[in-house]
Every structure is written in structure tokens, then in C-alpha cells.
Amino acid sequence: MSFYSRVAAAGALLGSCSRHWAVVWVLLIFISFSARAAHSADAAEPIASSASASAPVIVIGFVGGFVRHDDLRHSEVQLAQKLQATHPEHLRVAMFQNWHRKAAHQTILQWLDTGQDGHLTDEEKRGAHIILFGHSWGGAAVISLARELQQEKIPVLLTIQVDSIAKPGHDDRVVPANVAYAVNFYQTRGLLHGRPRITAADPAQPRILGDFFQDYNKPPAECSQYPWLTRHLFPGHTAIECDPQVWSQIEDLIDNYSSAEQRASDLRSGELPSERTSGLHHQSAQIPSADGKELQPTIN
């Protein structure tokens, strides 16, 4: 059995035995040991774009589980590479494992430091245009990183969570007030499924674009590249990750909001982080699907 499949099987057992603490601790030790093995095998550096120092929009993605940041079987990695290829002058893009949040944080600080003096000025912070996206544990890492940036008074333009699952002791439900816009995609089939609703820490900010439910009677054909056990233990969780329609919508979101932010930044000067989205209010809270129809957010 492959490493990915062993971790998937352990995750399934963990969910079904959550009230039996002896079993839980054994499984946590197993997963912790497996994670160390994954750490030693994975590269510490992200895949990053070669955009110029003046590139205004930073896009950071997180993979889920123990997936490598450069594993091209996964849609989020494919999206990052596509964004790099199609917007080399417009975006700075990097992918990270979800447990490399500190490295992602440092990368953002380095890219924002246009003065290259190791210190961010208030102007450099106000000029930040950051988009964060991730799947599963990567979705939860998005919110954790946004909170860390909030502590440094760095605004985030957009967060995108895909079937977000929080690790014990973490909260991926409440989006911090330094985020301008947030969107959530989720499904409910199988042993693993994402958070169905996200909320704003401050009712005035961010603007929640919606919680978009995906249902899969049959997994997309692209899922065939995933391990058999993973596809059958976590059918919905795997399906939403390899669903090309979902990731096409995410690509459109990143393209539309980053382009609008770039245009708005030409007109903006000296605004507070909470005022940064004034040039984006024309954006619709409805997300167009690949077939031209509009997806409606779930009403719980």
C-alpha cells in the first residue's frame, strides 16, 4: 500500500473512532511519523513564478493532506503552473504543502519588501494584493495564514477554501477582517467532507461570496489518476479536488479579482486596509460556471 493510501486509511479510521481516545492517540502517532517521512521527501522551497519585482498580485496555494507541492496529479498544483504560464507579468505564484505555512508567510513578506531592507513599511503593507487558496488541510491553512497576516496589518484580497478541513485545535470557519472577499466550495459525500459554511469575523468585512455545494454521483474522469483506496474511501473529497469545473471557476475568480485589484490600485492612494476593496464592488457574488450558468450559494 502506498504512503498516500496508508495515510488515507488512517484518516478514515480516525474519523470513525474519534471517541475512543486510546485508538485516536495511536493513529495520531502513526500519522505524525508518516508526516515526518513526507517532510524528509518533500522539497522545502515552493514552486514560484519569475514575475518581476513590480508584480502587484501574490497568489499562494496550499495542497491538502501529505501531498507534495509539486505533484501535478493534483488540480491545485496544475492551476498554479497555469497561472504562472499565462500571467508571468501580472502574478507572483507559489505552491506549498499545508504544513509549510511559515515558509509561505516568509515568501509573502519577501515579495512585499520592495525596498529589500528586511522591513515592511506601512505603504508596502497597504500595497499588498494577496490571494490565498487551498484544498482540505490546505483550505484551513489559508485561514490560518490570513490570521497571521492580520496580526501584521497586511490585507488579503481573496481567500478560496475547497472542501476545507481543519486540524485539531484550528478554526477554518471564521474569516478574519483583513480579508476583503472569501469563498467556500464543499461537498458532503464520504468519510471526509469540507466545512459547509464560512462566516466573517467582522460583519462589515470580509464579504462572503458564498458557500458553494458540489455533489458527485459519479467522480470526474480526472480522478482516475488518484490511488484506488483514496478514491473509494474519500470519493467526494477526492472528486471536488479533481473536478475541472470547480478549478476553472477558481481560476476565473483569481483572474477577475486580481485584474480588478490591479486596475483599482492605479486609482487608490493612502487608503486604510478596510477601504482597499472600494474599486471591486462591481464584482458579482455569484460565480459563473464553465457552462455559462451561475452557481448559487447554499442557504443553510
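In the predicted model, Asp 70 and Arg 68 form a salt bridge, with 3.0 Å between the closest N and O atoms. Both partners lie in the intermediate accessibility class: Asp 70 counts as partly exposed because its relative accessibility is 28%, and Arg 68 is likewise partly exposed, at 30%. The whole structure contains 7 salt bridges.

Two further salt bridges involve helix H6. Glu 148 pairs with Arg 101 at an N to O distance of 2.8 Å. This pair connects distant parts of the chain, with Glu 148 in helix H6 and Arg 101 in helix H4 (residues 101-112), 47 residues apart. Arg 101 has a relative accessible area of 21% and is therefore partly exposed, given that the buried class ends at 20%. The other pair is Arg 147 with Asp 171, whose closest N and O atoms are 3.6 Å apart. Here helix H6, which holds Arg 147, is linked to the loop between strand E5 (156-162) and strand E6 (174-175), which holds Asp 171; the separation is 24 residues. Arg 147 is partly exposed at 25% relative accessible area, as is Asp 171 at 30%.

Ser 136 occupies the loop between strand E4 (130-135) and helix H6 (137-151). With a relative accessibility of 8%, Ser 136 counts as buried. Beyond its sequence neighbours up to four places away, Ser 136 touches Gly 64, Gly 65, Val 162, Asp 163, Ser 164, Ile 165 and His 237. The C-alpha atoms of Ser 136 and Ala 166 are 7.7 Å apart, although 30 residues separate the two in sequence.

The largest nonpolar core comprises 35 residues, and those with the most contacts inside it are Val 59, Leu 158, Ile 160, Phe 185, Ile 250 and Ile 254. Helix H9 (residues 244-265) supplies the largest share of this core, 6 residues. A second, separate core of 26 residues includes Phe 62, Leu 112, Ala 182 and Ile 198. Contacts of Val 59 with residues over four places away in sequence are made to Leu 83, Leu 91, Arg 92, Val 93, Ala 94, Ile 131, Phe 133 and Ile 254. In soluble globular proteins, nonpolar side chains tend to be buried together.

Over the whole protein, the secondary structure amounts to 9 helices and 11 strands. Of the 300 residues, 50% are buried. Among contacts with a separation of 6 or more, 74% join residues 24 or more positions apart. The exposed area is about 14,000 Å², of which carbon and sulfur atoms supply 54%.

Key
Residues numbered from 1 in each chain as written. Predicted model: local features only at pLDDT ≥ 70, side-chain atom pairs only at ≥ 80, totals over all residues. Heavy atoms only, no water. Helix = DSSP H or I, 4+ residues; strand = E, 2+ residues; numbered from the N terminus. Buried < 20%, exposed > 50% of the residue type's maximum accessible area, 1.4 Å probe, protein only. Contact = heavy atoms within 4.5 Å. Areas by Shrake-Rupley, 256 points an atom, 1.4 Å probe, with all protein chains shown as cover. Core = buried A, V, L, I, M, F, W, Y, C linked by side-chain atoms within 4.5 Å. Salt bridge = Lys/Arg side-chain N within 4 Å of Asp/Glu carboxyl O.
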